[in-house]
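Q: I would like a close look at a single part of this protein, namely one of its sheets and whatever packs against that sheet. Please set that part in the context of the whole chain as well.

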Amino acid sequence: MDITVLVVEDEPQIRRLVRNALEGENYRVFTVDSGKRSLIEAGTRKADLIVLDLGLPDLDGMEVLRGIREWSHVPVLILSARGEEDDKIRALDEGADDYLAKPFGVGELLARVRALVRRHVKHEDSSGRLNFGEVEADFVRRTVVRNGEAVHLTKIEYRLLTVLAANAGKVLTHNHLMREVWGPAYVDSNHYLRIYVGRLRQKLEADPAQPLHFLTETGVGYRFEP
């Protein structure tokens, strides 16, 4: 299996160590040393797995992780000198799949990479594109087009779309969606959610009164069916 790994690490020695270890296991490896560049490479290289350092010079690794999670479920292994439990929990809550604290052994690194590959690789489409009904969304370029015409989505509408799309076919509870889109302080404000799901239906459904894609699960939440 041809596996592509993107390594995001600004320390040259560690970047070289990780690259050599992965190439020794016959992975195809690309490396970058900045957060901004990593967001571009993650899409263009169509990485099957990302090894991400949190302490980058231009962007915090958490920002990079959030940016990736807006459009992809590609597995992400965090490498970080921040070894506190709170940092690990935060990274995992933000969407990381695993966390390895520095300093680390090459053997453990490779074991964790193999585990992520077994669980995830080739089960996800990392292109960042989604087509449903009359709509084409490109989450790398952050564009949404319906019938060939650009659709303007507000920041909240776009965030709601990305969360629903990332969990296509799954029922997401009101609380989960509120927490993911608005934050924990708004968990009990479900009326916001009803309003914004309604807006997505108006903008993206052929018949908003009889939606085919943004479906209500009565008393529970919503489900996106592409």
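A: What follows describes one sheet, then the helix beside it, and then the protein around them. The model is a predicted one, and in it 4 strands make up an open sheet, arranged in the order S6-S7-S8-S9 with antiparallel pairing. Strand S6, residues 129-132, and strand S9, residues 149-150, stand at the edges with a single partner strand each, so one side of each of these strands is left without a neighbour in the sheet. At the S9 edge, strand S8, which covers residues 143-146, pairs with S9 in the antiparallel sense over 2 bridges, and here Arg146 stands opposite Glu149 in S9.

Helix H8, made of residues 190-204, packs on this sheet and touches S6, strand S7 (135-138) and S8, while the direction of helix H8 makes about 55° with that of S8.

Turning to the surroundings, the protein has 8 helices and 12 strands. Its radius of gyration is 19 Å, close to the 17 Å that the globule rule gives for 226 residues, and the protein is therefore as compact as a globular protein of that length. Taken along the principal axes, the box filled by the C-alpha atoms is roughly 55 × 35 × 30 Å. Of the 226 residues, 48% count as buried, and the accessible surface comes to about 11600 Å², with 46% of that surface belonging to carbon and sulfur atoms. Among contacts between residues at least 6 apart in sequence, 57% join residues at least 24 apart.

Key: Residues numbered from 1 in each chain as written. Predicted model: local features only at pLDDT ≥ 70, side-chain atom pairs only at ≥ 80, totals over all residues. Heavy atoms only, no water. Pairing = 2+ DSSP bridges. Contact = heavy atoms within 4.5 Å. Axes fitted to C-alpha atoms, helices over the stretch in contact; angles between N-to-C directions. Rg over C-alpha atoms; globule rule 2.2 N^0.38 Å. Buried < 20%, exposed > 50% of the residue type's maximum accessible area, 1.4 Å probe, protein only. Areas by Shrake-Rupley, 256 points an atom, 1.4 Å probe, with all protein chains shown as cover.
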